[in-house]
Number of protein chains: 2
Amino acid sequence: MEFLAALERAIGAGLVQTGEAIAARHHTDWSGAPPVVPLALVRPRSTEEVAAVLRVCGDHRVAVVPQGGLTGLAGAAVPRADAIALSLDRMNAIESVDLAAATITVQAGATLQAVQEAAAAHGLQFGVDLGARGSCQIGGNLSTNAGGNGVLQFGMMREQTLGLEVVLADGSVLPMLRPMLKNNTGYDLKQFFIGAEGTLGVITRAVLRLHPAPRARATALVALADFDASLALLGRLQSRFPGAVAAFELMWRDFIETSLVWQGLREPFDAPHPFAALVELTGSDEAALGEALEALLAEAMEAGQAVDAAIAQSRAQALAFWKIREATAELPVHMQPPINFDVSLPMAGIGRFAAACRSAFDARWPGHHSIFFGHVGDSNLHITTDGRSIGGDEAGIERVVYDQVAAFGGSVSAEHGIGLHKKPYLHASRTPAEMAAMRAIKRALDPLDLLNPGKVFDQ
Amino acid sequence: MEFLAALERAIGAGLVQTGEAIAARHHTDWSGAPPVVPLALVRPRSTEEVAAVLRVCGDHRVAVVPQGGLTGLAGAAVPRADAIALSLDRMNAIESVDLAAATITVQAGATLQAVQEAAAAHGLQFGVDLGARGSCQIGGNLSTNAGGNGVLQFGMMREQTLGLEVVLADGSVLPMLRPMLKNNTGYDLKQFFIGAEGTLGVITRAVLRLHPAPRARATALVALADFDASLALLGRLQSRFPGAVAAFELMWRDFIETSLVWQGLREPFDAPHPFAALVELTGSDEAALGEALEALLAEAMEAGQAVDAAIAQSRAQALAFWKIREATAELPVHMQPPINFDVSLPMAGIGRFAAACRSAFDARWPGHHSIFFGHVGDSNLHITTDGRSIGGDEAGIERVVYDQVAAFGGSVSAEHGIGLHKKPYLHASRTPAEMAAMRAIKRALDPLDLLNPGKVFDQ
């Protein structure tokens, strides 16, 4: 096949695999989409090789599906039989850490964990963290504008990004790697590629911000009577500890109960409560931080915003609190299958949205098993339902949830992206004029529709 | 003229002014560009009227120059004789404040100060502040991705923005106003318009983030022996007070001396020092914050990172420290004219960059009067030279500075934008491939080149 021969001439035969030589892990991602063997798997070692691959693909009108760590839940990295899969996994160097500027320069194939560890080695931390840290790659984190555990304090992946190097569909390279926080020189092109899920260009390198590692942490579990109390408590925390609220994870009772049962844990309070918030603060002095948090929680209880509270007295106790929240790791074991929702909503409406979804589920699927939890401080709610408990009616429950999202003016994807999985629901969060603008941008940067075609939206 | 008649039919005669009816303030902006009387000044009262104006302009192929508060220093809002000026000044409503989410929804013509005051009325603060706050408008702040005094703690205007409403050249409206921090639903279109200086669309409304107002502040003036000491001190402050360093303004000796002379102030330390840093921290307890800052400064002096330091003992003393920095308000009085530079550079190189510029100035214009200062924590350096002291050779000094910017891998505009004024130097910060990508985006969203044509770059 002339195309494959041209690819091998461009970058060397050893970097191009086909058919059975392609490891099964490249056939799909964590979205659970059916596996597909790509036309070829190409694993370039440099930006120049990525550019050479894209030029050959352009000449032969062959599409390209970029692949990072393949941990995405929306299917953006699922290959196609008529396209090559372009894995960045060989471009995984941590190139440099600049201590004066608190920045790190990395190749797109570096794992999130490798970036976190390189930062920690210099007494710094990276602002994004999520469960797939050991497998997911920075290029994928950027392409999906990843969220996770640190958003409340540091923002999403976009907010960590000072510079990007991107290869366009025609093989030209945009070296937007200047590491300055302030840089108003025409359009901030790098913003266009963050969250574009590989449809506008292939990210090859990035300059990322780092932050000082905190010297102290305080962790508490707080029992709440209703959703509005959680917003009041969060407001009180952010006002008293500006910039220092590192986590505010809200768990509805269904989530807590499920977590305790699955993991064989004891009820954390004397009695069950409708909600619990896991709170984590950062600071510079362990004792002072703990005392200040205790005082604040006493005030909140006095004001009727909290019903009960426990402050971790040790790192072990903090981890025990986190263990309740981390029941999500058990989802694939206990639910067959878990049907996951990742939505965001105007903050004040999250409680009513959750209640509306629950009522609709109760009416249609009595006895369903659903759990509600989320990064409420980021406007982000997750819902997971056991597919068996609703007779496998995934399409039905998706319609229920996304209709409510549209009614509440929310977003069908808070942090996972659109990929393949949420394409049918994108219209619930985007108007026809917005879709037309996206298509115009796509045509401008990838006129032949060769970069991850069919993902996010159809041209 | 059929075009003006069509405009008046679309939105009413009272909203369209021509010739001498147009107030002189709409003829230019603070960039000092020569005044131009636009074809008409149009002052719509609603998004629908903005859309109607753009449709009429599209039908008649008449260009549009959007105008905010006209305080820009790069000339992006300077009108053209063959184009209408579209002022947003009648769309100045503060529409709502959402306390649960800490957001504010405003029309583009609201002044920055009106937004700050609306936030303060609710015990909150807006993250952007700059000298022109009473005149500049949010639409202009967004279109230039404004920086200013709060960037170290809260980021630029882009980081404050959750949602935007934008009218495109064809009159279609993008209602991207969902107020969620997390919203990964296709391309984050609003990012395209922030910093685009009105060349891609007209911003009509915005949802902005607010932050808790700090309960305590501590301010210090620190004398330093060299530039590298300033970076060491900044690193120490950020590590000890993460997220709480609200200002780190570095002043070179030439700046301090000039400020003291112009304002008749006394030397703040017993002896003159090569550099002084103005430091401001925020926190929740005045006494504790002051003590912690004092302890840190003592450590810094012990470590040889600071030579002398004074902590403000009152708000009046803090303002006295700030007065030294605010000599910039006197620039137009004392320099004829002031030639301003607003560049950013990789942090570690700022000291060497400043020294290289000074050497080049000394060699070419002996006796020149130049002052060096900046938001060094944001990678941002300002230089101002008295035009008289270099024989009015503005083009000459610009070439010297921007050649150095290119050599140091910096940016020719940190926070003021490109507009007209910096167009000739954009190539020093952008490659031909980046320029080609910008032009492709511009053609995609404004194919007739009707929105602020000739600003930022030529099509």
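## A serine in a loop of chain A

In this predicted model, A:Ser379 sits in the loop that runs between strand E17 (370-374) and strand E18 (380-386) of chain A. Its phi is near 75°, a positive value, and the residue is not a glycine. Is A:Ser379 buried or exposed? With a relative accessible area of 2%, A:Ser379 counts as buried, because the cut-off for that label is under 20%.

A:Asn452 is another non-glycine residue with a positive phi, this time of about 45°. Look for A:Asn452 in the segment after helix H15 (432-445) of chain A. A:Asn452 has a relative accessible area of 1%, so it is buried too.

## Cis prolines

Now for the peptide bonds. In chain A, the bond joining A:Gln336 and A:Pro337 is cis, with omega at about -10°. A:Pro337 is placed in the loop between helix H12 (331-334) and strand E16 (338-344) of chain A.

Over in chain B, the bond from B:Gln336 to B:Pro337 is cis as well, and omega there is near -15°. B:Pro337 lies in the loop between helix H11 (331-334) and E16 of chain B. Watch the helix labels here: residues 331-334 are called H12 in chain A but H11 in chain B.

## The seven-stranded sheet of chain B

Chain B has an open sheet of 7 strands, and if you walk across it the order is E15-E12-E14-E13-E17-E18-E16, with antiparallel pairing. Which strands sit at the edges? They are strand E15 (308-311) and strand E16 (338-344) of chain B, each of which pairs on one side only. From one strand to the next, the twist averages 15°.

Zooming in on one pair, strand E13 (residues 245-252) and strand E14 (residues 275-283) of chain B run antiparallel and are joined by 7 bridges. If you want a spot to look at, B:Leu250 stands opposite B:Ala277 in E14(B).

## Helices against the sheet

Helix H10 (residues 315-325) of chain B lies across several strands of chain B: E12 (216-224), E13, E14, E15 and E17 (370-374). Relative to E12(B), H10 runs at about 45°.

Helix H8 (residues 253-263) of chain B is mostly covered, with 9 of its 11 residues buried. Among the buried ones are B:Arg253, B:Asp254 and B:Gln263, along with B:Phe255, B:Ile256 and B:Trp262. What does the covering? The elements include E13, E14, H10, H11, helix H12 (350-364) and E17 of chain B. Just after H8(B) comes B:Gly264, with a positive phi of about 60°.

## A well-enclosed strand in chain A

Strand E10 (residues 202-209) of chain A has 6 of its 8 residues buried, so the rest of the structure largely encloses it. E10(A) pairs with strand E6 (residues 103-107) of chain A in the antiparallel sense, over 5 bridges. Within that pairing, A:Gln107 has A:Arg205 as its bridge partner in E10(A).

Strand E8 (residues 161-167) of chain A also runs antiparallel to E10(A), and 6 bridges join the two. Here A:Val167 stands opposite A:Val202 in E10(A).

## An exposed histidine

For a contrast with those buried spots, try A:His427, in the loop between helix H14 (394-407) and H15 of chain A. A:His427 has 59% relative accessibility, so it counts as exposed. A polar atom of its side chain lies 3.2 Å from the backbone oxygen of A:Pro424. The C-alpha atoms of A:His427 and A:Tyr402 are separated by 9.9 Å, and the two residues are 25 places apart along the chain.

## The core and the two copies

In soluble globular proteins, nonpolar side chains tend to be buried together. The largest nonpolar core here has 194 residues, and A:Phe193 and B:Phe193 touch the most other members. Leaving out residues up to four places away in sequence, B:Phe193 touches a set including B:Leu142, B:Val166, B:Met176, B:Ile203 and B:Leu445.

How do the two chains relate? A turn of 180° and a shift of 0.0 Å along the axis lay chain B on chain A with an RMSD of 0.0 Å. That is the relation of a two-fold axis. The copies meet through the same surface, because 100% of the interface residues of chain B are also interface residues in chain A.

Note on methods
Residues numbered from 1 in each chain as written. Chains lettered and ligands numbered in written order. Predicted model: local features only at pLDDT ≥ 70, side-chain atom pairs only at ≥ 80, totals over all residues. Heavy atoms only, no water. Pairing = 2+ DSSP bridges. Helix = DSSP H or I, 4+ residues; strand = E, 2+ residues; numbered from the N terminus. Axes fitted to C-alpha atoms, helices over the stretch in contact; angles between N-to-C directions. Contact = heavy atoms within 4.5 Å. Buried < 20%, exposed > 50% of the residue type's maximum accessible area, 1.4 Å probe, protein only. Core = buried A, V, L, I, M, F, W, Y, C linked by side-chain atoms within 4.5 Å. Least-squares fit on C-alpha atoms with pLDDT ≥ 70 in both. Polar contact = N/O pair within 3.5 Å; in protein donor to acceptor, adjacent residues only side chain to side chain.
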